[in-house]
Amino acid sequence: MDNLMSGKRLAADIKACVKRRVGSLSQMGIDVGLALIQVGGGASDEQYLKTTISVSKTVGIKTYEYRLPETASLNEIINTINQLNNDERINGLLVLFPIPRRINPRRVVNAISPEKDVDGLGSISVGMFAAEESMFQIFDKDDFVGGVSSAFRNRACVPHGFLPCTPFGVIRLLEHYGVEIKGKNAVVIGKSLAVGKPLSLMLLAKEATVTVCHKSSADLAAHVRNADIVCAATGVPGLIKGDMIKDGAVVVDIGINIMPDGSFVGDIDFKSVAPKASLITPVPGGVGPVTIATLLENTLRSAQNNVLLKTPLILQ
Ligand SMILES: NC(=O)c1ccc[n+]([C@@H]2O[C@H](COP(=O)([O-])OP(=O)(O)OC[C@H]3O[C@@H](n4cnc5c(N)ncnc54)[C@H](OP(=O)(O)O)[C@@H]3O)[C@@H](O)[C@H]2O)c1
């Protein structure tokens, strides 16, 4: 299919760049470390954990796994996070979701130090992003995959929050495929703090006209039919069908749903939507690889920030 928007190529470019820079830090005697905390654990986060660990290895980032039991208390989780906040080996800290329902997820993400909040979900990161203090990263063309300068330049003046990896990955994927966002009607289905909401703000910052749909949206099909860019993040397999899609729309499927037979499907009914879309992401192999590559990039940035803070002469 020639309208497939694969994330593999972009992810490979990002990872190659991260690997080079992790190598440079390693020559200075500095290791880059990512901690992953799992509480309980379902099949989907187990898969994400395994993939993240194996991809981290390929770029030279060391991973540290913390598996807490389903019965872990909020205090135990926060104590683990506090310990890792003060652990010099750790540059990025990620808690895998979902966590048990009795635990308040905001207490958990807010315990992560903003300097290590590489998925950008803590209130400080979210606030900086919503106030457009960290949003500049989505405009920074030469940041990272291109060159080193802006990453260091930005860091030199303002401490900034990390952008959430999945929505940031979606924007990068769209731009990688030359999709014009400015002036287009974009519909985001799903309004979670991790995906839908930040993605809608990023599309807005890129000057799309954005509609956000959710469970209470009165006529989902009508909104989707009006969209030039459709982004689905609901966790409902095959929710968006071909008859809801405008001819030539760009379709991004963020959903990852595990079916009873163990296969992965997205929120888009690929079979009926693909023939109408000008571009469409596959599941798996679309947004997922870019999300992980972006997480590793953020972890590297955190390590670079740390180096800059401790060796200010590098700025000159
Ligand atoms: N590709 C990646 O890298 C990546 C990363 C993260 C997540 N994901 C996947 O993306 C999906 C969404 O994740 P999430 O964390 O955002 O999930 P979430 O927190 O459960 O949020 C789901 C959102 O979808 C909305 N929704 C659910 N059913 C709907 C329906 N029938 N019609 C319209 N809206 C509906 C919900 O609306 P209400 O707010 O009204 O309840 C909610 O806003 C999951 O499949 C997840 O596995 C993929």
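## Notebook: contacts, ligand shell and salt bridges

I began at the start of the chain, where a polar side-chain atom of Asn3 sits 3.0 Å from the backbone oxygen of Ala274. A reminder to myself before going on: this is a predicted model.

**Entry 1: Asn3.** I looked up where Asn3 belongs and found it in the segment before helix H1 (8-27). Is Asn3 buried or exposed? Its relative accessibility is 9%, so I noted Asn3 as buried.

**Entry 2: domains.** Next I checked how the chain is divided. Domain 1 covers 31-113 and domain 2 covers 165-287. I also looked up the separation of their C-alpha centres, which is 27 Å.

**Entry 3: the ligand shell.** How many residues surround the ligand? I found 20, and the closest are Lys191, Ser192, Ile254, Ile256 and Thr291. By residue class, the shell holds eight nonpolar, 10 polar and two charged residues. I then asked which element gives the most to the shell. That is helix H11 (residues 287-310), with three residues.

**Entry 4: polar atoms at the ligand.** I went through three of the closest residues one by one.

- Ile254 places a backbone N or O atom 3.2 Å from a ligand nitrogen.
- Ile256 also uses a backbone N or O atom, here 3.0 Å from an oxygen of the ligand.
- Thr291 uses its side chain, with a polar atom 2.8 Å from a ligand oxygen.

After these contacts I looked up the ligand's area: taken alone, the ligand exposes 930 Å², and the protein buries 70% of that.

**Entry 5: salt bridges, the overall count.** A search through the whole structure gave me 10 salt bridges. I picked out a few to read in detail.

**Entry 6: Asp87 and Arg89.** These two form a salt bridge whose closest N and O atoms are 2.7 Å apart. I wanted to know how each partner is covered. Asp87 has 15% relative accessibility and therefore counts as buried. Arg89, in turn, counts as partly exposed because its relative accessibility is 42%. For my own bookkeeping, the cut-off for buried is under 20% and for exposed over 50%.

**Entry 7: Lys206 and Glu175.** Here too the closest N and O atoms of the salt bridge are 2.7 Å apart. What does this pair tie together? Lys206 lies in the loop between helix H8 (196-205) and strand S5 (209-213), while Glu175 lies in helix H7 (residues 165-176), so the bridge links parts that are 31 residues apart in sequence. I checked cover again: Lys206 has a relative accessible area of 11% and is buried. Glu175 comes out at 27%, so I wrote it down as partly exposed.

**Entry 8: Glu297 and Arg301.** I went back to helix H11, since both Glu297 and Arg301 lie in it. Their side chains meet in a salt bridge, at 3.6 Å from N to O. How many residues apart are they in the helix? They are four residues apart, about one turn of the helix. For cover, I found both Glu297 and Arg301 buried.

**Entry 9: a network.** My final look-up was for salt bridges that share partners, and these join Glu46, Glu65 and Arg67 into one network.

Definitions and conventions: Residues are numbered from 1 along each chain as its sequence is written. This is a predicted model: local features need pLDDT of at least 70, side-chain atom pairs count only at pLDDT 80 or more; totals for chains, interfaces and linings use all residues. Side-chain values use heavy atoms; hydrogens and water are left out. Domain bounds come from an automatic or database domain assignment. A residue is near a molecule or strand if one of its heavy atoms lies within 4 Å of it. A polar contact is a pair of N or O atoms within 3.5 Å; within protein, one must be able to donate a hydrogen and the other to accept it, and residues adjacent in sequence count only if both atoms are side-chain atoms. Accessible areas come from the Shrake-Rupley method with a 1.4 Å probe; for residues, only the protein chains shown count as cover. Helices (H or I, at least four residues) and strands (E, at least two) are DSSP runs, numbered from the N terminus. Ala, Val, Leu, Ile, Met, Phe, Trp, Tyr, Cys and Pro count as nonpolar, Asp, Glu, Lys and Arg as charged, and the others, Gly among them, as polar. A salt bridge is a side-chain nitrogen of Lys or Arg within 4 Å of a carboxyl oxygen of Asp or Glu. Buried means under 20% relative accessible area, exposed over 50%, partly exposed in between (1.4 Å probe, protein chains only).
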